[in-house]
Amino acid sequence: MNKNPYHLFGIRHHGPGSARMLLTELERLQPDCLLIEGPPEANGLLQLAADAAMQPPVALLIYVKDNPKWASFFPFTIFSPEWQALLFGIRTGITVRFMDLPQRHQLAAKIEPEHDQDSIKLDLTSIDTKVIELEAPQQPIDNETEPQFLETNARLVNDPLGWIALAAGYADGEAWWERFIEERQDTTDVFPAIQEIMTTLRQESSYNVSDTEKKREQQREAYMRETMRQAAKDGFQQIAVICGAWHLPALAKLPPATQDRKLLKNLPKTNVIATWIPWTYQRIAIESGYNAGITAPGYYEHIWYQTTQEHNHTTATYWLVKVANLLRQENIDCSSAHLIEAVRLADTLAAFREYPTPGINELNEAIQTVICFGDPAQMQLIEKQLLVGERLGQVPETIPLIPLVADLMRHQKRLRLKQESLQKKIDLDLRKTIDLERSHLLHRLTLLKINWGTLQTQAPYGAKGTFHEIWQLQWLPEFVLHLIEVAAWGNTVETATTAFSIEQARLSNTLEELANLTHALLQANLPQALPKILARLEILAATNTAIGQLMDTVPTLAKALRYGSVRELDASQLQPIINGMLERICIGLPYACMSLDNDAAQAMHTRLLNIHQTVLMLEDTNFVTLWHQALSMLVAQDNLHGLLAGSAARHLLDDQIETIEQTAKHLKFALSFGTEVAYSASWLQGFLHSSGMILLHDARLWGILDGWITALDADAFMHVLPLLRRTFSTFPIGERRQLSNLVKHQPQANSNIEVASPPIGDTVNITANWDQTHTDRIAPIIKLILGIKD
């Protein structure tokens, strides 16, 4: 009878203890063939794992050639058992093969063309969490224990090791596995014990999954067995089979080959491509949604190096030293006494719980108590930078890349923009050639919906002008897949972005979208796409009769036109389009402002402010004149919301189109007897928007406002008070204090007395007709309006 050539090793993906014990067993066994759970399409890439430039964490990416949105990732860390087995096989020169069901079949089965979505379909392939149907207890459950049992039953239904963990006093199967497998020091007979446990679990429980999922699992294990048979057929005598522990029972005894071949017959198939890509610890953490995720990749890396190298101190001591170094870098106090007490507490907790050494829970509790004094913010820092970690892997440059990805990497190297998993801010000075090219690259990637950088709104401290950009960068592994998906648009970043933007313009049906796209194209320096997009914009603008949409569009285009020179761009093609839009806005504005309710008036008020700033920024005298004529029509218009009338009057005064005497008449009319109080308050809100300096500079306007407020009865005053307070609250604090002082120390300005108005900019100083009693009476009211406390 032939000797069984197969040696099974059940592991947990990304388990440092499993990796350490597996290496020990492989050294003892000295196999001549390694079969590892993984995608066979990547067999041709396995030798690259030994390249000095390959720095985990990395991942195998398998994607559908003609539809890259369908893809699977297979992550590896330095402490992954599969990675260490792979390196062992390469180092010893033995045959290494992946043995899982090929992704050309698995991805083909998942593709549903009729329901295909635009979003990327990612399969973070890993050991699958089995859903088992728990058998009912043999003893009846009384009313008191039933809720607790049902809660436990629901929690364990997705955890095959849950019952074992519960019996041993652990919260879940992962915690039990962590303590008894990953942290185990004695490796004797561990793998046979794991196989026995998994065999019992699979015999005593049944799956509670869909028929499709159950069939897929059967096909995966059938293909693994076929790969094992093929290895034996090829003459290998010592075949080490490394897989997720759950698969062990299905591989221990091989059924007839015909049974497996029947399961694998007529599988769907598609063309796929495999490559290596960098990965991050954040994507391996369980919080990322990864099925085989672990709680603390950074800590597990620490354990791996501590347990595979000779050290004079314990793992806990070295870990606490790392914590101390991190906190000190952040200027957080952490003395040697803190570390000593934290080590003592961690050891005490471990002894109290009958553990041989402190684990991650004991260390976290000791750190939280002794070093952080219960501060959750410090623990979040430790979790982010140490427990999870911010490591980003690297892959060799020799790995075959699609042209678009290769072009991006060339730009990144030339512009010295390094891919980093942690968030990093950079300040670009667009007057410098290298910073301008960096800006172009980041804007182009944003157009491709690859948000490596996010443009910040705030300027750096002390920076003036429009030549500064602040970007926050963070590289995510899935960006490679996004690049593959958009690679059909071109082989370089520039050509792909140009073609993609033209298609986006073709699909766009709103002026605002096209205006934003035009602005983005100018920022990305893509002049070849501009003519087609402007043609589309011009067609939509000519057929659009909504003045509000035109007003929303013009500021974006004008900004691109105005600041194109800063980016060394020719945006002159925008001028005719902007001119046409502005002309239609000026003509149609009075009609667009008729009979608006409060919400619509507020929206139109915002548009008025934006268009007014835009017209002044463009410095075209013809359109400035046309705009002032439109504002004059608004001031004289009936059935106009008070907010818009007051805003138009203020713009005409500020631009010196109307005199202070004319403005005083508008204000007096708006606050006159018989005018609705709500209209008067709205008019004031529009007129005094964000600045009350005009009241300090002109006694006449102050007197009219004073007379109106003091004439209000109690009910009317309480009715308009919220609106007045909202208006005055927008003033700078200095202006509010000056207004308060004016009420305290100056006499009442009577709106019926003609007072010579000083020039704008001169402070009013009224000394006649002083009435301190009247001043004291109205001072509390003015303070209430201004929101000033004594």
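**Buried charges and a parallel sheet**

Aspartate 260 counts as buried, at 0% relative accessibility. This residue, in a model that is predicted, joins its side chain to that of arginine 225 in a salt bridge with an N to O distance of 2.7 Å. A search of the whole structure finds 28 salt bridges, and the notes below take up some of these pairs before turning to an open sheet of four strands.

**The pair arginine 225 and aspartate 260**

- The salt bridge between arginine 225 and aspartate 260 links distant parts of the chain, with arginine 225 in helix α8 (residues 211-233) and aspartate 260 in helix α10 (residues 257-263), 35 residues apart.
- Arginine 225 is buried as well, because its relative accessible area of 7% falls under the limit of 20%.
- Both residues belong to a network of salt bridges in which Arg225, Glu226, Arg229, Asp260 and Arg261 are linked.

**Two further salt bridges**

- Arginine 283 forms a salt bridge with glutamate 478, and the closest N and O atoms of this pair are 2.6 Å apart.
- Here too the pair links distant parts of the chain, since arginine 283 sits in the loop between β10 (272-278) and α11 (297-308), while glutamate 478 sits in the loop between β13 (468-473) and α18 (479-486), 195 residues apart.
- Within this pair, arginine 283 is partly exposed, with a relative accessible area of 21%, whereas glutamate 478 counts as buried at 16% relative accessibility.
- The side chains of arginine 431 and aspartate 429 also meet in a salt bridge, at 2.9 Å from N to O; arginine 431 counts as exposed at 55% relative accessibility, whereas aspartate 429 counts as buried at 9%.

**The four-stranded sheet**

- Four strands, in the order β1-β9-β2-β5, form an open sheet in which the pairing is parallel.
- Strands β1 (6-11) and β5 (95-98) stand at the edges, and each has a single partner strand, so one side of each is left without a neighbour in the sheet.
- From one strand to the next, the twist averages 20°.
- Strand β2 (residues 33-36) pairs with strand β9 (residues 239-244) in the parallel sense over four bridges, and leucine 35 stands opposite valine 241 in β9.
- Helix α1 (residues 16-29) lies across β1, β2 and β9, and runs at about 165° to β1.

Key
Residues are numbered from 1 along each chain as its sequence is written. This is a predicted model: local features need pLDDT of at least 70, side-chain atom pairs count only at pLDDT 80 or more; totals for chains, interfaces and linings use all residues. Side-chain values use heavy atoms; hydrogens and water are left out. Two strands pair if DSSP finds at least two bridges between them. Helices (H or I, at least four residues) and strands (E, at least two) are DSSP runs, numbered from the N terminus. Axes are lines fitted to C-alpha atoms, for helices over the stretch in contact, and angles run from 0 to 180 degrees between N-to-C directions. Contact means heavy atoms within 4.5 Å. A salt bridge is a side-chain nitrogen of Lys or Arg within 4 Å of a carboxyl oxygen of Asp or Glu. Buried means under 20% relative accessible area, exposed over 50%, partly exposed in between (1.4 Å probe, protein chains only).
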